[in-house]
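Student: Could you take me through one part of this structure closely, and then connect it with other places that can be read in a similar way? I would like to follow each step of the reasoning.

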Amino acid sequence: MTQTKVTNLHGGTVVASYPFDDSASHQRQGHYSQSADDSLFRALALVYSRNHPVMKTGEPNCPDTPDETFKDGITNGAHWYDVPGGMQDYNYLYGNCLEVTMELSCCKYPLATELHKEWDLNRESLLAYMEQVHIGVRGYVKEAVKGTALANASIVVEGIRHNLATGNHGDYYRLLLPGTYNITAVAPGYIPMTVNSVQVSEGKAAELNFTLAPAVSEPSGSITETPPVFPPEHQPIQPQEFRHHSYADMELFLRKYNSEFPSIAHLYSVGRSVNQRELYVMVISDNPKVHEHGEPEFKYVANMHGNEVVGRELMLNLIEYLCRNYGTDPEVTQLVNSTRIHIMPSMNPDGYEVATEGDVKGYKGRNNSNNFDLNRNFPDQFVTITEPRQPETIAVMNWLKSTPFVLSANLHGGSLVVNYPYDDDREGITRYSQSPDDKVFQQLSRKNTLMYNGHPCEDLYRNEFFKDGITNGANWYNVPGGMQDWNYLNTNCFEVTIELGCIKFPWAKDLPTYWEQNREALLQFIHQVHTGVKGTVSDISDGTGIPNATISVQGIDHSITTAHTGDYWRLLTPGTYSITASAHGYKPLRTYATVSKDGVEVVDFRLTRLHTDSNGQSPKGPQPTQNPSEREFQSLIKDLSLGQGLDQLVRSTATENRFRYRSYKELSEFVRGLTLNFPKFTSLRSLGQTVEFRTIWALEISNKPGEAEPSEPKIRFVAGIHGNAPVGIELLLEFAAFLCINYGKNAAITRLINETRIVIVPSINPDGREQAIEKQCTSTQGRTNTHGKDLDTDFFEAQPETRAMMDLIQDKSYTLSVALDGGSLVATYPYDKPVQSVENEGTLKYLATVYANNHPKMHLGDTGCSNNGQMGNIPDGVMRAAERQSHMGSMKDFSMDFGHCPEITVYTGCCLFPPAEQLATLWAENKKALLSMLVEVHKGVRGVVRDKSGKPIVGAIIVLNGGVRVFTREGGYFHALLAPGNHNIEAVADGYQQQRQEVVVSSYEAASNIIIEFDMDNSIFGLPREFVVASAAASMTALVVTACIIWCVCAAKSNRQKDGFHRLRQHRDDYDDEIRLTSMGSKKSLLAHEFQDDSESDEETLYANKI
Ligand SMILES: [Zn+2]
C-alpha cells in the first residue's frame, strides 16, 4: 500500500463518482448508467463532496482538464467515462457493499509535503462519509425453532432491485435513504417474511430482525411435531496468543509449535535477511516434510512490508488454529490432510524490528534494512528493475522455484482489498492490465472477500465501509517488480495480494478482532487450491509419472507444468475446457473437462511414447538391453535431475575447508597430494609448461584413471585462463577434493565418478596468476601470460599455454567442457567469434542454462555488476559469448571446432579477485552447479555403431539434426549432448549405407542408448574395412595443419563470419572428395595410424571446420 491510494481513493481530479461505472453499450462518455440504488449513491457522493472544500465547487481546475466540471462535485461513473471492470460496481453487484469512488486530487501522486494539505481538505468529508454507515436498516435473521442465525439469507427491499445477503451471524446492514420501505427476508428452506412500512430516518439506523419458520417439506398429514434436529454445534478452539511477536518471540513461537505438533508441523528457513534473520516457513500438513503426489502446495507470505504486521500475527494465529484443531475439527482436519500449507509469517523480519506499534499509514520499517521495497524488487515483465536484488527476494525466488506451489496470497496492510495480476503494464499507465487467467484471478479474489461480508464493528472499525473489494493490480496503481506477477509468470503458482486492514500496525488489543474477521476467509482461500483441474501425466507403458510435462488449456495463453512425479494442478473457473498434455518424446493428448463450482475435477493423462523411428514404426534392428546396474544409474540421474535431488546431495556431502588462495607452488602440492591420498581413482599429468616453465596440470578423477573407457562420457573442467580471475582455480581445487573425499563414502558421488571420466585443469595461466593481486576487482594485472598475450584470443597462434590446451582439446574425446572465469555473473555458450547463427544453439544455450539454474543467483539474470556495464536483465543468466564480448581465437570456439566438444564459460562473480573470505560463499554458490554438470554429461544421446557381425565401427560420423557431427570412438561408441526434445541423427560411415534415427532427449533422463547397425558388406574395394579407414585417417592427419590454418585465416579475416563459414564449408567438401580419391591404403598411412596415441581416428579433424 502506498499512501495516496487507500482502497477506492484515487487521484487525477477532484470528484465523487458513483455506480455504474460502465453501461451495456460501453458508450465512451456522457451516458448516465443508473443503478438500482441511484438516489442513495447520489446522496452518499454528495455527503462526501459537500464536506470537501474543493470538490463541492464542482470545479477541480485540474491542469490537464481545466474545463472539466461536475455539478455539485459528483458524477455518475459512466456518465463521466466508461470503466468496465471497475471495483465499485463489483462491490455493488456481487457484495453487500455500496461504494463510491473519490477522486481526491488533480495530482495522482502528490509530493509528500502536499499530503498534509490533502488530509485537511478531505478530513471532514471522510468522517462525514463514514457516518453514513449508520443510515438505513440493520438487524439479524434467525430461524424460528432454535433461534440459530441464518447466514446468506437475502434482504429484499421492494422497489430496489438490489438484494443483500446476511453474514455468518445472520447479520445484515442495508443502507437506505430516509423514507418508508417494505423489506423481506428470504432463505432457502424457510418461509419468507416481509415487514411493511419500515421507517428510515436521518441519523441512526433502524433495527429490524427477522425470524423465519422452516418450510414444511413433509407431505401434509404427518402432524407429528418434530422440529428439525440440529447437530450440536462444534466449536473449534480459537487461538490464544494474541500479541505482537518480535523476531525472537516469533522464532520461539514457531519452534514451540514445531516441536509440539511434529506430525503435522515442520519448520524450515528459506534463507536469511540482510541482518541475518531467518526467513522462516512453517508447513502444516499431514506429512509435512515431503511433497505428496497429488497433494497441492499452498502458501501464505506475510509481512513483506515490515510495518504491515496484521498478516504476520494472523499467520501465527492460523498456525495455532490449524495445530490445535487438527483431529477434532472436521474442516481443519480435512484441509490439513489434503493440502500442504506453507506459512511464511515474515518475509521482512528486519523491517519489522524498526516498525512501531500504532503506525496507521507510515513507512518506517516498510523496506528491508538496505532500504529497498521488496515488493518492487522482483524481475518484471515490462520494466527493468535496476535496484540490486535483495537477499530476501533471492531467497523467496529460489523457494518458489523449488516447490510446486499452486496458490498463494501475499498479505499486506494499509487498505482493505484483494489485488490480482497484472500489477503493471508496458506504459506504466493506471489501467486494467489483464493476465491470461483474469477470470481465475477474479474468482480467487472474490472468494477472499468473504472476510468482509457483514461484520460491522461500528465503534472500532467504522472504516470497514471501505470493504469488500477486488481490483486488478495495474488498474489500482502500477507496481513494477511486484511478487504476485513474478509468481504467475515464472512458476505454476497463482498469487493475489491481500490488503488486510486499513491500519498497518494496529494496537495489540485489536488483534483478536482481526483474527475473528479474517479466520473464515483465510481458510476459504486455502480451500480454493482444490478447484479447477488436477491429475497426473504418466507414461502409458509403465505408469511412471512424467515430470515437466505441459498442461495447456485452449483459449488461455498460460501453460503449467507437471511436478516431479507427473502431478499437476490447473486452477480454472467453472466451465468446460479443452485441455492438452504434452511432453518431450510423447504424443500429445487432448481431452475435455468440465469444472464445476465445487471441488476439483481429476483428469489424468496417459501418454504414449513417440516411436524412435521417424516412420512411425518401432525401431528396426537390435535394441540395447539394460542390466540392473544400468537401470540403477538411470534412476540416479533422474533423481539428481529432479526436484531436491541435487540439493540433498549437496547437503549430505558437506566438506570442511579453510578457503584461501593458493600460489602455484601450493597448487602443485595440492594436486600431487590428491594423487598421493587417493591413488586408486586419481591420476595427474602435465599438459605442458608455461613461458616461465610452470607446469600446467591435468588431474583425472575416474574409477580407472588413465584408461580410455570410451563408453563413458568425459567432462573437462578448466580455470585460470585469465590469471587475474583466480576464483575458478580455487573452486576447481575444492571440487576435486570434494569428489575424492566423498568417493566410496557417498553412493551418488561414487557412482558418478565410476561412470564418468573427469579431467580437471585448474590453472591454464599460472604465470599470470602469480602476478595478480588479491582484492583487485577490476585490475588487468596478471590477465595475460608472460608474453602479454590474452590466452583466450590465442587458440591458433599457440603460446606454450594454449599449445598445451589445444593438444588436450584435440584429443576429441570430451563430451562437455566447463570453463570458469570471473568479472560477471553469467554463463556463456559458443561462439565467442561473431557468427550470425549457430547450428546447435538450442543445445549450447541449454547447457549454460542448466549451470545458471543450479546457481542460486545466476539464473535470476541480474549480474549486479557495476563495473562492466552488465547491469540489468540477462534472461536466465545465460548469453551467447559473442554478445558479451566478441573475440577471435577463444578456447571455447576451438573446443567447438576442433574438439567437437561444447564448452560453456561460467563467470563466477563481478569481482575478478575477491578477498579470500568470500571463497567459502563462492564455493557454496557453485557447488551444486558444478555437480549438475557431472549429471548433465550423462544426458543427450549415446550409443554404439557396429556392422552386422557386431564389429564396432570406429570413426563413423554421427550427424545431429543434419548439422553438428560427432565421431565414434574405440568400441564404436559415441555420446552427444542435446537439448530436450526430438532430434534426428544420421550415421555415416564409408562403405556403408547411411542410417537414420529419431531420438527423444529428456531433461531428466540419462541418454537414450541406441545401437546403429550397418548391414552392408564389410569390405570396400576388396580391402578389409579397417585398412581403408586407417589409411583415410592418416591422410587426413596430414591435412590437420592445413585445415587449422584455413580456419584461422578465415576466422581472423572475417567480421562477416557467415561468409567465412560458407567458404570454410566449401573447403571441407573439396578436401572430402580429394581424400576419397587419393588416400586409399598407402603404407605411410598405416604407419601413421600406429602412432596415434588415442582411441579415435583422426578422421574427424577433417570435419573440424563445421560450425
Ligand atoms: Zn504493503
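**A cluster of aromatic rings**

Tutor: Ring pairs link Tyr-422, Phe-441, Tyr-488 and Phe-494 into a cluster, and this is the part to look at closely, bearing in mind that the model is predicted. A pair of aromatic rings is described by how far apart the centres lie and by the angle between the planes. In this model the count of aromatic pairs comes to 25. For Phe-441 and Tyr-488 the ring centres are 5.2 Å apart and the planes stand at 75°, and since an angle over 60 degrees counts as edge-to-face, the pair is edge-to-face. Phe-441 belongs to helix H10 (residues 438–448) and Tyr-488 to helix H12 (residues 483–490), so this pair ties together parts that are 47 residues apart in sequence. Phe-441 and Tyr-488 are both buried.

Tyr-422, another member of the cluster, is found in the loop between strand S18 (415–420) and H10. The peptide bond that joins Pro-421 and Tyr-422 is cis, with omega about -5°. A cis peptide bond also runs from Pro-830 to Tyr-831, where omega is near 5°, and Tyr-831 has its place in the loop between S34 and H21.

A useful contrast to the edge-to-face pair is given by Phe-894 and Phe-898, whose ring centres are 4.8 Å apart and whose planes are at 15°, so that this pair is stacked. These two residues are four apart in helix H23 (residues 891–899), which means that about one helical turn separates Phe-894 from Phe-898. Phe-894 and Phe-898 are both buried.

H23 also appears in the surroundings of helix H21, because the buried residues of H21 pack against H23 as well as strand S33 (816–821), strand S34 (824–829), strand S35 (878–880), strand S36 (903–909) and helix H24 (919–936). The buried residues of H21 include Leu-844, Tyr-846, Leu-847, Val-850 and Tyr-851. The length of H21 (residues 841–853) can be checked by reasoning: at 1.5 Å a residue, its 13 residues should span 18 Å, and the end C-alpha atoms are 18 Å apart, which agrees.

Aromatic rings can also be read together with charged side chains. Lys-142 lies over the face of Tyr-140, at 5.9 Å from the ring centre, while Arg-694 lies over the face of Tyr-664, at 5.7 Å from the ring centre.

A charged residue of another kind of interest is Glu-392, in helix H9 (residues 391–402). Glu-392 is buried yet has no salt bridge, and Arg-277, the nearest side chain of opposite charge, is 8.1 Å away. Apart from neighbours within four places in sequence, the residues in contact with Glu-392 include Arg-272, Ser-273, Asp-350 and Asn-368.

Finally, two residues in loops deserve a look for their backbone angles. Asn-152 is not a glycine, although its phi is positive, at about 65°; its place is in the loop between strand S5 (137–143) and strand S6 (154–157), and it counts as exposed because its relative accessibility is 57%. Glu-709 is likewise not a glycine and has a positive phi of about 40°. Glu-709 sits in the loop between strand S30 (695–701) and strand S31 (714–719), and with a relative accessible area of 12% Glu-709 is buried.

Terms used. Residues numbered from 1 in each chain as written. Predicted model: local features only at pLDDT ≥ 70, side-chain atom pairs only at ≥ 80, totals over all residues. Heavy atoms only, no water. Buried < 20%, exposed > 50% of the residue type's maximum accessible area, 1.4 Å probe, protein only. Lys, Arg positive; Asp, Glu negative; His and termini not counted. Salt bridge = Lys/Arg side-chain N within 4 Å of Asp/Glu carboxyl O. Contact = heavy atoms within 4.5 Å. Phe/Tyr/Trp six-rings, centres within 6.5 Å; stacked < 30°, edge-to-face > 60°. Lys NZ or Arg CZ within 6 Å of the ring centre and 35° of its normal. Expected span 1.5 Å × (residues − 1).
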